[in-house]
Amino acid sequence: MSHYDFIVIGAGVIGASVAHHLAALGAQSVLVIERGTIGAGTTSQSSGLLRTHYSVRQNVELARSSWWAFNNFAEYVGDDEASCGLVKCGYLICAPEGDKLDPLRASLAAQQDMDIEVQLLDKVEAHERLPIANFDDAALIGFEPEAGFADAYLVATGFARSARRRGVKMRNVISRRQRPEVAFDAPSARSARLVVAPAAPEDWPWFRIAGTRRCRGSQQSRCPEGILCCHATRCVPVQP
Ligand SMILES: Cc1cc2nc3c(=O)[nH]c(=O)nc-3n(C[C@H](O)[C@H](O)[C@H](O)COP(=O)(O)OP(=O)(O)OC[C@H]3O[C@@H](n4cnc5c(N)ncnc54)[C@H](O)[C@@H]3O)c2cc1C
């Protein structure tokens, strides 16, 4: 296998996005290895919900910062034909009296504090928007008009096409065993600057390749190796 600076395992929406962003940031030598087809994992099962309503402020910030990309996907990936299939139908959330009421009130207030448009609906307004739902016991109803859903498969393929156009190599590895180690030989993994494995379970034997070590950073924190970990991604920095 040739040398690559960056190796991404799995072309789901995360791997395709990582590949696109590496290339867009100027990485010259990126390889994506996919054992099936682009987006065929959980990506193609996703409901694709896009909203900024989250109970953790950092997640609200992350969702808000990605909003421009989804609203302007073609421009974001630099491809006139790209579409993320965005449908802005709004996002409605409600809670009855009880222990879920205060957390919902707090997260709606936090969104409003962050200048995100959130409306409080009464039961009649909510029913007009969603006639199939019964709001009889709803004590609080929030509505985020800008929210909606996109098509995760289109997003993954849009990122993958953009990555390819920018020089990223995509390799399809189909094996009977479908195990990661068949996709690699140890020297090529050792010579990469970074291996990103969004799909990797903890016990992948691949992580035990001599000469590599697992990123010790905890999820959503800055890793001691200086690599920013994201929620779904495990990084394997290679020992110098
Ligand atoms: C029913 C459902 C609804 C969801 N709804 C939402 C939602 O509304 N909003 C939201 O944000 N998220 C939602 N999600 C979650 C979202 O779909 C996932 O978080 C996202 O798709 C994960 O992307 P990924 O690239 O990490 O994984 P995947 O899409 O699973 O991609 C992993 C890829 O790695 C490949 N792979 C695996 N092992 C190997 C190997 N050994 N060698 C090479 N390639 C390999 C697989 O073939 C696959 O293509 C939903 C998920 C499901 C199942």
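**Close-up views of helix 1**

**View 1. Helix 1 is followed by Gly 26, a residue with a positive phi, near 105°.** This is a predicted model, so keep that in mind as you explore each view. Helix 1 covers residues 13–24, and its 12 residues should span 16 Å at 1.5 Å a residue. The C-alpha atoms at its two ends are 16 Å apart, which agrees.

**View 2. Helix 1 is mostly covered by its surroundings.** Here you can see that 10 of its 12 residues are buried. Among them are Val 13, Ile 14, Val 18, His 20 and Leu 22. What do the buried residues of helix 1 pack against? Their partners are three strands, namely strand 1 (6–9), strand 2 (30–34) and strand 9 (194–196), together with helix 4 (73–77) and helix 7 (152–165).

**View 3. Val 13 belongs to helix 1.** Val 13 counts as buried because 27 other C-beta atoms lie within 10 Å, and the cut-off is 20 or more. Beyond its neighbours within four places in sequence, Val 13 is in contact with Gly 39, Thr 43, Ala 152, Val 155 and Ala 156. Look also for Phe 159: its C-alpha atom is 7.8 Å from that of Val 13, although 146 residues separate the pair along the chain.

**View 4. A shell of 27 residues lies around the ligand.** Gly 10, Gly 12, Gly 41, Ser 46 and Leu 49 come nearest. Helix 1 gives the most to this shell, with three residues, while strand 2 supplies at least two. By character, the shell divides into 14 nonpolar, 11 polar and two charged residues.

Key. Residues numbered from 1 in each chain as written. Predicted model: local features only at pLDDT ≥ 70, side-chain atom pairs only at ≥ 80, totals over all residues. Helix = DSSP H or I, 4+ residues; strand = E, 2+ residues; numbered from the N terminus. Expected span 1.5 Å × (residues − 1). Contact = placed C-beta atoms within 7 Å. Near = placed C-beta within 6 Å. Nonpolar A, V, L, I, M, F, W, Y, C, P; charged D, E, K, R; others polar.
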